[in-house]
Amino acid sequence: ETAKELVNGQSSAWRRMLTHPFVARTSDGTLPRETFDRWLTEDYYFVRSFQVYLAELSAIAPDDEAREVLAGGVAALVPELALFEKAAAGRGLDLAVEPSLLNVGYSSYLLSTVREGWPVAITVLYAVEKAYYDAWASVRDTTGPDTRYAGFIANWSSPEFAAYVEQLAALVDREVLTEAMELGFDRVVRFELAFWDLVHG
Ligand code: MP5
């Protein structure tokens with residue numbers, strides 16, 4: 001139950017994440033256009049870096065089970081990046097703009113955990129994906145199908161994504177909880193909140 005213990009240890013931050021105005025306003029369609037545009041370009045940089053992180057994490061995966069789970073994550077990034085690129089093209093956005101230092105820090109932090117070894121790096125991956133799943137799943141059933149950003153919400157709240165997050169939890173559950181894992185999990189939670197605060201305080 002290592003994964004559950006990590007999430008339960010973050011209950012107030014988790015509540016803040018699920019009630020973040022960025023999430024609520026993306027869901028109800030009241031998010032200002034420039035706010036979404038800003039998030040889109042920031043998150044595109046994040047996901048591109050994340051792709052490198054997943055590849056490096058796969059290289060230190062301890063067995064086939066772990067490699068297979070991560071391969072699913074890598075594959076999901078292909079349609080995900082296409083979703084970003086299509087939205088950016090439609091909105092006339094330049095995806096090559098310089099990201100915020102917070103984003104550079106977050107993306108670099110994820111990569112740096114690979115050097116800390118598998119238990120910390122898989123815990124950090126679980127934190128990233130669990131945060132996104134829980135946040136977007138919390139508005140999934142109240143978001144209208146023709147809401148402007150429904151495709152993005154569906155991307156991180158689908159049954160397929162839920163299953164992937166469960167597989168990651170199972171990999172974390174194979175590990176005995178350490179302080180380093182707790183610290184990694186906590187850092188991701190703080191980075192996630194700061195990322196949304198940056199685009200929509
Ligand atoms: C994710 C994301 C989910 N796209 N952006 C942030 C800031 N955190 C988490 O990761 P992925 O790779 O899109 O599933």
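## Two helix pairs and a ligand site

Helix 7 (residues 118-140) and helix 9 (residues 159-173) bring their axes within 9 Å and cross at roughly 150°. That makes helix 7 roughly antiparallel to helix 9 (angles over 145 degrees count as such, those under 35 as roughly parallel). Helices here are DSSP runs of H or I with at least four residues, numbered from the N terminus; axes are lines fitted to C-alpha atoms over the stretch in contact, with angles from 0 to 180 degrees between N-to-C directions.

This is a predicted model, so local features need pLDDT of at least 70 and side-chain atom pairs pLDDT 80 or more, while totals for chains, interfaces and linings use all residues. Residues are numbered from 1 along each chain, and side-chain values use heavy atoms, leaving out hydrogens and water.

On the helix 7 side, residues including Ile122, Tyr126 and Glu129 meet helix 9 residues, among them Phe161, Val165 and Leu168 (contact means heavy atoms within 4.5 Å).

Now for the other pair. Helix 2 (residues 11-18) and helix 10 (residues 179-199) have axes that come within 10 Å and cross at roughly 25°. That makes helix 2 roughly parallel to helix 10.

As for the ligand, 13 residues surround it, and Asp43, Glu80, Glu129, Trp156 and Glu192 come nearest (near means a heavy atom within 4 Å). Here are some polar contacts, meaning pairs of N or O atoms within 3.5 Å:

| Side chain | Ligand atom | Distance |
|---|---|---|
| Asp43 | nitrogen | 2.7 Å |
| Glu80 | oxygen | 2.4 Å |
| Tyr132 | nitrogen | 3.4 Å |

Technical notes: Parallel < 35°, antiparallel > 145°, perpendicular 65-115°, else oblique. Polar contact = N/O pair within 3.5 Å; in protein donor to acceptor, adjacent residues only side chain to side chain.
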